[in-house]
Amino acid sequence: MMDGTGLPETRSTCAYCGVGCGVLLRPDGQGGLDVRGDPDHPANHGKLCSKGLALGETVGLGQRLLTPRMDGAEVSWDAALTRVADTFRDTIARHGPDSVAFYVSGQLLTEDYYVANKLMKGFIGSANIDTNSRLCMASSVAGHKRAFGTDTVPGTYEDLDEADLIVLVGSNLAWCHPVLYQRVLAARAGRGTGIIVIDPRRTASCDQADMHLAIAPGGDVALFNRLLAEIDAAGAADPAFLPHTSGYDDALASARADTGETGLTESEIAAFCRRWIGTKRVVTIYSQGVNQSTSGSDKVNAILNCHLATGRIGKPGMGPLSVTGQPNAMGGREVGGLANMLACHLDLENAAHRSAVGDFWDAAAPLPEAPGLKAVDMFRAVGDGRIKALWVIHTNPAVSMPDASAVRAAIAACPFTVVSDITAATDTAHLADVLLPATAWGEKDGTVTNSDRTISRQRAALPAPGIARPDWAILAEVGQRMGWDAAFDYASPAEIFREYAALSGVAARFGRDFDISALQDLDDAGYGDLAPQRWPVSAARSGGRFFGDGQFFHPDGKARLVPVSWRAPAARTGPRFPLRLNTGRLRDQWHTMTRTALSPRLSAHLPEPFVDLNPADAAASGISEADLVALNSPSGHAILRARITTDVARGQVFAPMHWTGETAPSARIDDLVAAAVDPVSGQPESKAGVVAAKRWAPDWYGFAVSRSRMTPDCAYWAQARTPQGYRAELAGTGPAGAPADVAMRLFGDAGDLSVMEDAATGHLRLAAWRDGLLEAALFVAPRPLPLARDYLAAQIGTDASGVLTGRAPADLPDPGPTVCSCFGVGSLTIMRAVDSQRLDSVEAVGACLGAGTNCGSCRPEIAALLARQVTVEAAE
């Protein structure tokens, strides 16, 4: 299609969360992309969040892996794939098929996922393929299957438009799925939809909520059991729908007997129950706060029990909705990318299902009869030597898995590790024997499925760089080199999609939900033009909601209400580890920042790792705002910047999950998270660790800016991109060193040095120049430095007169830390406008500066700035 200028645009789908926003891409002629929202896509209707808007900043080739590497040296594809195929074949011959494993990712396209699953389960003969989606939505899969008989998402995004009450459980929708949150706010504005947030901490999603229930970590089962008991007591169970279910009496008995901890008052619980029971059109959105728990599957079923008991499911404006964190986590579930599933929602442990899939694939051996190793168990098996050959595809388990330091050690000791990725600059890639360059978003061609079952196309708008290849092609050639030529003789993703769609027809004959068999005869042109559509897509049924008709996928056609009871988190607080650790995402970052850290715009908001502490806990530990804090857990330690806030309750701390050895080695938060898992789903508990916090007192603090990436070697550092280069916070023990040595270690040969030093007091300021322009600058002091950081970062590449003062000239005011990433508006810019123009609302700030008028996820921060200004004025 054409944009407003008449230039061609490519329709595609965003690379980030499970909302599945449509995007329009146009090459900018300089290797990058211009990106805007697709107004015709049903998931977003043209809207994009800050990450989506910045996609064009992340497609450069600066850190791309362009050529295969073996043992650190560049090699040909033939050499690399020969080694991969030979090593896997030899390992299987010596130790059996379960001695190898694939660990894959929700960033794979469906066609890639399909080939990987077929290769492992159908031809290698093992179920040892699992995905990083195990870390984010496996509990939802388990809950769906227990309740419905299949992993079926009942509702659609349109339910948000028609709901009268939306309950967010363990979901900071405003930051993690901003476009959906804007849809919720539109419903609130248009029809008065109520919003309730159930979350241990106060998040941006609470800004417009009618009620925030600061539930105790792990208290969700107890709360929804209480709701089920109140549903029954109020006579709100649906007598017309209950005959379509079984297990109500047992579930109700468990609910009534549950005395688990919620951390809420009786009045809060009563108010929530009244509102939920009294509002027929209610949607319960849940996410990682529910799933990432050792009782995650039970939490999901506690929520589903309430919707099933009232019949509030599969009808307009009502039902449960699991929102996923990756662009194709749903596609991975559909193709059987989890170790305990077959393709097309068929069951691995069902002999008839295995036989049908094996016959369809003309498999080389009988399909495995038992589930393979789920993620945590897989890396334990790598560590103890049971897994001897490992292939990691588009994910970074060396930092994202729980007990991540043990995972790094396991991968390092594995006899053979292959990593397929777009970059060699990840903690996991550094441990690989073979690195394979894959095509990235913007270059890939295939399909993804979003959180409401909508299948969308990702299309290539840029050519593949170097000799990078699509993942499906890499996997297929390895399959052929291992001896299965015909099974993996694919010429295009369209051919793979047709095979997959045909297999879904086999699943439909078993009464499964997933059926896209009407698409199996698409020719290449039809596949190329495929418009977004929600499955099922078959002769029998098309799109829409499930279960409103009372038909489910258990053998008796009924849903199951599952008896569940509260269980405490696996780790217990105590004198040694008194604080409960909650981890999660930030607004402008994603996963381990392999993509988002490339964007200066996204890196400007919260550029340094931090930990949120309650004021009482901070005072008890002698921690002040902006101190560095050492967090210790039974499995690891980290150093983070302190933020003191009442957003977290006493006894709880929150830290983001994003930083890695590439960006802030001391802030790899999953080093602190224990590898405790849900017994049903195998999903790790990432929201309820235990830690101790104490002030970390370095001998010196530093701040640096540079045109080139820096190479710090101190105890604490955190580096982020800027439009001009990089910025870094530093801190260390012992002397910082002589100025020339410090500059060489940090910047390399950055040019001529200007130095201001007071060795007696430990103060050092230096600047490096080349041809009269600033290349780098460093500020060191024995205490934290009050500097105009954003101004200093912007001086790289200028004559930067007066840079060593660390202050902005009066005629160049410091914008302050970024608040609105969409439009690059800083906090000090907002406050100056508030003061000079007497702005008194978020809307007024938006009209003046644009801040908060796109994705809206910065609006709570703007509101907080305004509230702070009101408090200051009242004090004066």
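Guide: Let's start with a term: the radius of gyration is taken over C-alpha atoms, and the globule rule is 2.2 Å times the number of residues to the power 0.38. Keep in mind that this model is predicted.

Visitor: Why does the radius of gyration agree with a compact globule?

Guide: For 876 residues the rule gives a value near 29 Å, and the protein has 27 Å, so the two agree. Along the principal axes, its C-alpha atoms fill a box of roughly 80 × 70 × 60 Å.

Visitor: What makes a residue count as buried, and what share of the 876 residues is buried?

Guide: Buried means under 20% relative accessible area. In this protein, 63% of the 876 residues are buried.

Visitor: Why is helix α12 called mostly covered?

Guide: The cut-off is under 20% relative accessible area, and 15 of the 15 residues of α12 are buried. It's one of 27 helices in the protein, alongside 34 strands.

Visitor: How do you know that the span of α12 is close to the expected one?

Guide: The expected span is 1.5 Å times one less than the number of residues. With 15 residues, 296-310, α12 should span 21 Å, and its first and last C-alpha atoms are 22 Å apart. Just after α12 comes Gly311, with a positive phi of about 70°.

Visitor: How are the positive and negative side chains placed overall?

Guide: There are 79 positive and 97 negative ones, and the centres of the two sets lie 3 Å apart.

Visitor: What supplies the exposed area?

Guide: The protein exposes about 29,700 Å², with carbon and sulfur atoms supplying 51% of it.

Notes: Residues numbered from 1 in each chain as written. Heavy atoms only, no water. Helix = DSSP H or I, 4+ residues; strand = E, 2+ residues; numbered from the N terminus. Buried < 20%, exposed > 50% of the residue type's maximum accessible area, 1.4 Å probe, protein only. Areas by Shrake-Rupley, 256 points an atom, 1.4 Å probe, with all protein chains shown as cover. Lys, Arg positive; Asp, Glu negative; His and termini not counted. Charge placed at Lys NZ, Arg CZ, Asp CG, Glu CD.
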